Structures are given as C-alpha cells and as structure tokens.
Amino acid sequence: MKPPLDNTCALIVVDVQRDFCPGGALAVRDGDAVVEPLNRCAALFARAGAAIIATRDWHPPDHCSFRAQGGPWPVHCVRGTPGAAFHPALKLPSDTIIISKAESPEVESYSFFGEPGLEQPLVERGIRRLFIGGLATDYCVKFTALDAAQAGFETSVLTDAIRGVEVRPGDSERAIAEMKAAGVKRVRLEDLAVGTG
Ligand code: VGL
Ligand code: ZN
C-alpha cells in the first residue's frame, strides 16, 4: 500500500523549457511529451496539499557549459530569452515555487540541489517525499534525483513524465538504472491516483 499524497510530498518539475523541447536549442526527442502528464500531476498534487516546485536552467549568455566557453552544449536556456521560458502548455498552480539554476557563468549545475542548503526549506516545511519528472532524464532529472535521495528524501522518479537527451543511445536507461541503484523509486502516473480525491 502506498501512502496517499499529502503535504509531506512535493512534485519537482525539472526544466520543462522551450529549449529542451522539439524546435529548441537543445531539443530532447519528444521532450514536450512530459507536459501533459506533468499537468495532470500538478493538479493532483495541488489537490492533495503537496508543494509544487519547478526548476529552470537559467544560464548567463557566457555560461561555461556552452561550446564557445569550451563546454559540451550549444547555447541554451539563456536567462530571460524565449528559449528559457517554460513550455507554453505547462500548467502550474500560481503558488509554484520556481528555482533557477546554473546561473553563474563558471559553475554548471544539473541538480536542483546544486547549491548547499537548498533542501533545508523543504525539510522545514515537513516535506519528506519527492516526486521528480521533466527534462532531461540523463542530466537534470538524474542528478536531482540522486541528490534528493542522498539528502535523505524518499525519492521517486515519474517514469512516464521524463525524456532524455541521449547524447549516447541508452543514456536514459542507464540513468534510470543509476537512480534505482541509489534507492530512487520508479512511479507511474497511474500509481499516483490514490486517496479519496
Ligand atoms: C540540462 C543539459 C544542459 C538538463 C541542462 O536540464 O537536463 N541538460 N543543461
Ligand atoms: Zn544547461
């Protein structure tokens, strides 16, 4: 029996931004397929009194992860540009907590927990269970989930609300295996529709 969703839970919607969706600067194949399931999750979590957090990759124009600076990626998610905006169909409640990451030029951060202490406000709110979905399975979703588990949260990845970059084919599968080995649970949306609603 799974405990129902309640205010000890939080949904983390990772980087559902235009640049990671088809047509974007660093498009993830089928990246926009996460929008609809995450919209349903957000509604479910809001109804259960759970917190909703949305992260966004929010780079300065000269970020170290860009090729011109010697990094691996094309320019993407430059703060304030249309490519850095959330996917237009993503529906988040007005009290969603928005966390920007990888904001300083010289630091890459694939994880929500990139800066020390970011888990503290969650702990103080009594949040113990984190459910993670979004983009990309093999980068920001993976590192956020690994850090969450490491920080002591009961951590689940929403397997039908994630998609990977797949720089090498199989990266997403390997990322899921790594998360599993670190104690991250795999949860499908249909498993979440619990409680009395
Ligand atoms: C991401 C590559 C570069 C991600 C961010 O959100 O997974 N991937 N920057
Ligand atoms: Zn980035």
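Me: Where in this predicted model does Thr155 sit?
Reply: This is a predicted model, so read every value as computed from it. As for the place of Thr155, look in strand 5.

Me: Is Thr155 buried or exposed?
Reply: Anything under 20% relative accessible area counts as buried. Thr155 has just 3%, so the call is buried.

Me: Which backbone atoms does the Thr155 side chain reach?
Reply: A polar contact needs N or O atoms within 3.5 Å. One partner is the backbone oxygen of Phe153, 2.9 Å from a polar atom of the Thr155 side chain. At 3.4 Å, that side chain also reaches the backbone nitrogen of Ala149.

Me: Which residues does Thr155 touch, leaving out those up to four places away in sequence?
Reply: Some of them are in helix 3: Ala145 and Ala148 appear among the residues touched by Thr155, and both are on the list of buried residues of that helix. The full set touched is Leu130, Ile132, Ala145, Ala148, Ala149, Gly183, Val184 and Lys185.

Me: How many of the residues of helix 3 are buried?
Reply: Helix 3 runs over residues 137-150 and is mostly covered. Its buried residues include Tyr139, Cys140, Val141 and Leu146, along with Asp138 and Lys142. The tally is 10 of 14.

Me: What covers the buried residues of helix 3?
Reply: Strands and a helix both take part. The cover includes strand 1 (9-14), strand 3, strand 4 (129-135), strand 5 (154-163) and helix 4 (171-181).

Me: Which residue just after helix 3 takes a positive phi?
Reply: Helix 3 spans residues 137-150. Just after it, a phi of about 100° turns up, and the residue is Gly152.

Me: How many cavities of 30 Å³ or more are there, and which residues lie nearest the centre of the largest?
Reply: The count is one cavity, with about 110 Å³ of space in the largest. Its lining has 14 residues: nine nonpolar, three polar and two charged. Nearest the centre are Phe20, Leu26, Tyr110, Tyr139 and Cys140.

Me: Is Ser65 buried or exposed?
Reply: Ser65 is in the loop between strand 2 (51-57) and strand 3 (97-101). With the cut-off for buried at under 20%, its 3% relative accessibility makes it buried.

Me: Which side chain makes a polar contact with the side chain of Ser65?
Reply: Leaving out residues up to four places away in sequence, Ser65 touches His59, Gly71, Pro72, Trp73, His76 and Glu108. The polar contact, at 2.9 Å, is with the side chain of His63.

Me: How does Ser104 count by accessibility, and what does it touch?
Reply: Ser104 is found in the loop between strand 3 and helix 2 (120-124). At 29% relative accessibility, it counts as partly exposed. Its C-alpha atom is 8.8 Å from that of Cys64, 40 residues apart along the chain. Not counting residues up to four places away in sequence, Ser104 touches Pro60 and His63.

Me: What radius of gyration does the protein have?
Reply: The C-alpha atoms fill a box of roughly 50 × 35 × 30 Å along the principal axes. A compact globule of 197 residues would come out near 16 Å, and the protein agrees with 16 Å.

Me: What pattern does the protein follow along the sequence?
Reply: There are five helices and six strands to place. Among contacts between residues at least 6 apart in sequence, 76% join residues at least 24 apart. Read along the sequence, the pattern is β-α-β-β-α-β-α-β-α-β-α.

Terms used. Residues numbered from 1 in each chain as written. Chains lettered and ligands numbered in written order. Predicted model: local features only at pLDDT ≥ 70, side-chain atom pairs only at ≥ 80, totals over all residues. Heavy atoms only, no water. 1 Å grid on protein atoms, 1.4 Å probe; cavity = no way out; pocket = protein on both sides within 12 Å on 5 of 7 lines; lining within 4 Å. Points joined across faces, edges and corners; volume = space filled by probe spheres on them. Nonpolar A, V, L, I, M, F, W, Y, C, P; charged D, E, K, R; others polar. Helix = DSSP H or I, 4+ residues; strand = E, 2+ residues; numbered from the N terminus. Buried < 20%, exposed > 50% of the residue type's maximum accessible area, 1.4 Å probe, protein only. Polar contact = N/O pair within 3.5 Å; in protein donor to acceptor, adjacent residues only side chain to side chain. Contact = heavy atoms within 4.5 Å. Rg over C-alpha atoms; globule rule 2.2 N^0.38 Å.
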